[in-house]
Amino acid sequence: MVVHSVEAVQLLDRVVLSFQVAPQKTVLPSFSWVPTPAAVRASIRTLPGSVFRIGRGMVQLGSRALFPQLQARAYCNHAAVSPASTRVMRAVTGVLAEYAQHGLDAIFPFFEQRESLKDDLRTLLGVEGPIAITASTNRGLSDAALSLPWQPGDRVLLFEGEFPANVTPWVQAAKAFGAEVTFLSLDATLPELLEEARRELAKGKVRVLAVSAVQFQTGRRMPIDQLADLCHQHGALIAVDAIQAVGVVPFSGAKLDLIAGGAHKWLMGMEGVGYLWARPGLELVPRVSGWLSHAEPVDFLMEGAGKLRYDKPIRSEIDFLEIGSTNVAGCVALQAAIAPILELGVPAIFEHVQAWHDRVEPALVERGFTSLRRGPGERSGTLTVSHPDAMELGIQLNEAGVACTTPDGVLRLAPHWPNALDEVDVLTAALS
Ligand SMILES: Cc1ncc(COP(=O)(O)O)c(C=O)c1O
């Protein structure tokens, strides 16, 4: 069934959701700087359940039931931008309806929604402690890079071939603070890669090693735990760009110092929202800050005269980087998109995606592609193959309904939980 309008999607959802009506929530903000004086407390409304309610039906590995409008026959661009599910569409229209009806009063319940989103993100990242909601992966990495306590003579280790989001911020910070940048090679076996990192770390003065959990082009899963151990043995920090991993690859940030990511790839939310986590207690210098970075930043708006001051301390944990107003619709969209991922479980999603790769890889190799897939420990959601005519073949596949990309001239296929295993037939038909 193809559903063409938002109204129709909402109607469909209402039918589905009538089986799982969640109780309405009375929302009282709970975290440190949220306004809670009596007058505000009295005005906090009850959000209609529909904004938070996320249906449990229709979420099955290999099923596109939540994506009735998706046009591609095989959508393999989750490493780029994911399509919006009916849940995401409804969540966003729900937010807009709240603002349409209540204006300013709409904002308060969404403080709690943001806290609940952060709980979900902590679960997916395998971490505890404060998280900042950011505008993008790159915004988070740039702010993190500017916030480190740089010292003269510091060094930075980066990888040649990384997506620029995890290179440019460090190169610019290195320029600003007089640090030296060294690039490590990605064109190496796992032991070679670890040995090169160890050698560079042993030279000393490395402030930070920055790496993606999964490489955007090849889908290579990086040994972030081993790199973290090496970094810590040599007094360096490790900063991980997790956008190509979280949501599809089992992930634990337990050994990491900084993690940044975004909503619109494997978490299946929308562009314009990201997250930044720092190990609790990590020393940060608030070079980037704004009105919401202070302790109790909004009391001057709520608590009468004499509260407007500029000398209140900047909070010390990473959420001081939430410097101004937040992308409310994007946060609600992200939580709606994450719900199926948490329900299915990332390990099960990973297995499903590997089964998809297992079917597609030999079919592509048979047609002359070279697979860049690595051994089991270095796999991810992305299957990349090379071919002298990769660009033309990429166009051919897209025209035949296989949505895929060719970053830097290789063919990248990035299926997620809704992709069916029999999509291999669409691919082989498209290439014959
Ligand atoms: C590894 C990696 N990091 C970051 C980005 C960009 O993320 P954002 O636009 O959220 O900064 C991409 C996008 O392709 C990416 O592959």
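# Sheets, helices and a ligand site

In this predicted model, strand 7 (residues 206-212) and strand 8 (residues 237-241) run parallel and are joined by 5 bridges. One place to look is Leu 209, which stands opposite Ile 238 in strand 8. Strands of a sheet pair through backbone hydrogen bonds, and the pairing is either parallel or antiparallel.

Strands 7 and 8 belong to an open sheet of 7 strands, whose order is 4-10-9-8-7-5-6 and whose pairing is mixed. The edges of this sheet are strand 4 (131-134) and strand 6 (180-185); each has a single partner strand, so one side of each is left without a neighbour in the sheet. From one strand to the next, the twist averages 20 degrees.

Helices pack on this sheet. Helix 5 touches strand 4, strand 9 (258-262) and strand 10 (274-278), and its direction makes about 110 degrees with that of strand 4. Helix 8 (residues 190-202) also packs on the sheet, where it touches strand 5 (155-160), strand 6 and strand 7. The direction of helix 8 makes about 160 degrees with that of strand 6.

The next topic is how helices pack on one another. Two packed helices are described by the angle between their axes and the distance between the axes. Helix 5, already met on the sheet, covers residues 107-125, and it packs against helix 11 (residues 328-344) at an angle of about 40 degrees, with the axes 10 Å apart. That angle makes helix 5 oblique to helix 11. Their crossing is left-handed. On the helix 5 side, the residues that meet helix 11 are Phe 110, Gln 113, Arg 114, Ser 116, Leu 117, Asp 120, Thr 123 and Leu 124. Their counterparts in helix 11 are Val 328, Cys 331, Val 332, Leu 334, Gln 335, Ile 338 and Leu 342. Sorted by class, the contact of helix 5 with helix 11 has 9 nonpolar, 4 polar and 2 charged residues.

Helix 11 also packs against helix 4 (residues 86-102). Here the angle is about 150 degrees and the axes lie 8 Å apart. Helix 4 and helix 11 are therefore roughly antiparallel to each other, and helix 4 passes helix 11 in a right-handed crossing. Arg 87, Val 88, Ala 91, Val 92, Val 95 and Leu 96 of helix 4 meet a set of helix 11 residues made up of Val 328, Ala 329, Val 332, Ala 333, Ala 336, Ala 337 and Ala 339. The contact of helix 4 with helix 11 divides into 12 nonpolar residues, no polar ones and 1 charged. Val 328 is listed in the contact of helix 11 with helix 5 and in that with helix 4.

Another helix pair is formed by helix 6 (residues 137-147) and helix 7 (residues 168-177), which pack at an angle of about 25 degrees with their axes 9 Å apart. That angle makes helix 6 roughly parallel to helix 7. Helix 6 passes helix 7 in a right-handed crossing. The contact involves Asn 138, Leu 141, Ser 142, Ala 145 and Leu 146 from helix 6, together with Pro 169, Trp 170 and Ala 173 from helix 7. By class, these are 6 nonpolar, 2 polar and no charged residues.

Asn 138 leads on to the ligand. There are 13 residues around the ligand, and those that come nearest are Thr 137, Asn 138, Ala 165, Phe 216 and Gly 262. The shell around the ligand divides into 4 nonpolar, 8 polar and 1 charged residues.

There is also an open sheet of 3 strands, in the order 11-12-14, with antiparallel pairing. Its edge strands are strand 11 (370-371) and strand 14 (411-413), each of which pairs on one side only. Strand 12 (residues 383-386) is joined to strand 14 by 3 bridges. Along this pairing, Leu 383 stands opposite Leu 413, and the bridge partner of Thr 384 is Arg 412. On the other pairing, strand 11 and strand 12 are antiparallel over 2 bridges, with Val 385 in strand 12 as the bridge partner of Ser 371.

How values were computed: Residues numbered from 1 in each chain as written. Predicted model: local features only at pLDDT ≥ 70, side-chain atom pairs only at ≥ 80, totals over all residues. Axes fitted to C-alpha atoms, helices over the stretch in contact; angles between N-to-C directions. Helix = DSSP H or I, 4+ residues; strand = E, 2+ residues; numbered from the N terminus. Parallel < 35°, antiparallel > 145°, perpendicular 65-115°, else oblique. Left-handed = near helix turned anticlockwise from the far one by under 90°. Contact = placed C-beta atoms within 7 Å. Nonpolar A, V, L, I, M, F, W, Y, C, P; charged D, E, K, R; others polar. Near = placed C-beta within 6 Å. Pairing = 2+ DSSP bridges.
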